[in-house]
Amino acid sequence: MKKIILTMFLAIAAMSACAANKVKNDTIPVNNSEIVKIVEDESVNSKGNKVTKFYFLYDGELISASRHVVESYNLCKKHEVKCRLAVVVNKKTNRKRIILN
């Protein structure tokens, strides 16, 4: 009887652990022709250091990106090559960012 109860408990625990591992991000491909421009925002942080944040103006909204993504996009644009980008949407916070796909 103890083995059956223990087995059922472990099975329920395994199912709940699998249910808790739901994907929190959604990835959507970016159409390069819809990127309007790249925005570089320079500011100073609390320690007095210069900080540059990069954003893409895509589909009517500013979406953050890393310096590496912006440099890769500019390199592809320079050589007239399509750059594979994707928008990652965090389902929990609804925060968006652009990454290399």
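This is a short walk through one predicted model, taking the core, the strands around E5, Lys53 and the cysteines in turn.

Okay, so let's start inside. The largest nonpolar core has 16 residues, and the ones with the most contacts within it are Ile35, Phe56, Leu85, Val87 and Ile98. Which elements give two or more residues to this core? Those are E3, strand E4 at 61-65, helix H2 at 67-78, and strand E5 at 85-90. H2 provides the largest share, four residues.

If you want one residue to click on, take Phe56. Leaving out anything up to four places away in sequence, Phe56 touches quite a list, including Ile35, Ile38, Val69, Val70, Tyr73, Leu85 and Ile98. Lys37 and Glu61 are also among its contacts.

Now over to E5. Five of the six residues in E5 are buried, so this strand is mostly covered. On one pairing, E5 runs antiparallel to strand E1, residues 25-29, over five bridges. Pro29 has Ala86 of E5 as its bridge partner there. E5 also pairs with strand E6, residues 96-100, again antiparallel and with five bridges. In that pairing, Val89 sits opposite Lys96. E5 and E6 make a hairpin, with five residues between the two strands. Have a look at Asn94 in the turn, please: its phi is positive, about 60 degrees.

Next, Lys53. You'll find Lys53 in strand E3, residues 50-58. Is Lys53 buried or exposed? Somewhere in the middle: at a relative accessible area of 43%, Lys53 counts as partly exposed. Beyond its sequence neighbours up to four places away, Lys53 touches Val39, Glu40 and Asp41. There's also a C-alpha to C-alpha distance to note, 7.8 Å from Lys53 to Arg67, with their positions 14 residues apart in sequence.

Last, the cysteines. How many disulfides does the model have? Zero. Why no bond between Cys76 and Cys83? For Cys76, the closest cysteine sulfur is the one in Cys83, and the gap is 3.8 Å, which is too far because the cut-off for a disulfide is 2.5 Å. Turn it around and the answer holds: the closest cysteine sulfur to that of Cys83 is in Cys76, at 3.8 Å. Both cysteines are covered, by the way. Cys76 is buried with a relative accessible area of 19%, just under the 20% limit, and Cys83 is buried at 6%.

That's the tour, so over to you.

Methods: Residues are numbered from 1 along each chain as its sequence is written. This is a predicted model: local features need pLDDT of at least 70, side-chain atom pairs count only at pLDDT 80 or more; totals for chains, interfaces and linings use all residues. Side-chain values use heavy atoms; hydrogens and water are left out. Buried means under 20% relative accessible area, exposed over 50%, partly exposed in between (1.4 Å probe, protein chains only). Contact means heavy atoms within 4.5 Å. A nonpolar core is a set of buried Ala, Val, Leu, Ile, Met, Phe, Trp, Tyr and Cys residues joined through side-chain atoms within 4.5 Å. Two strands pair if DSSP finds at least two bridges between them.
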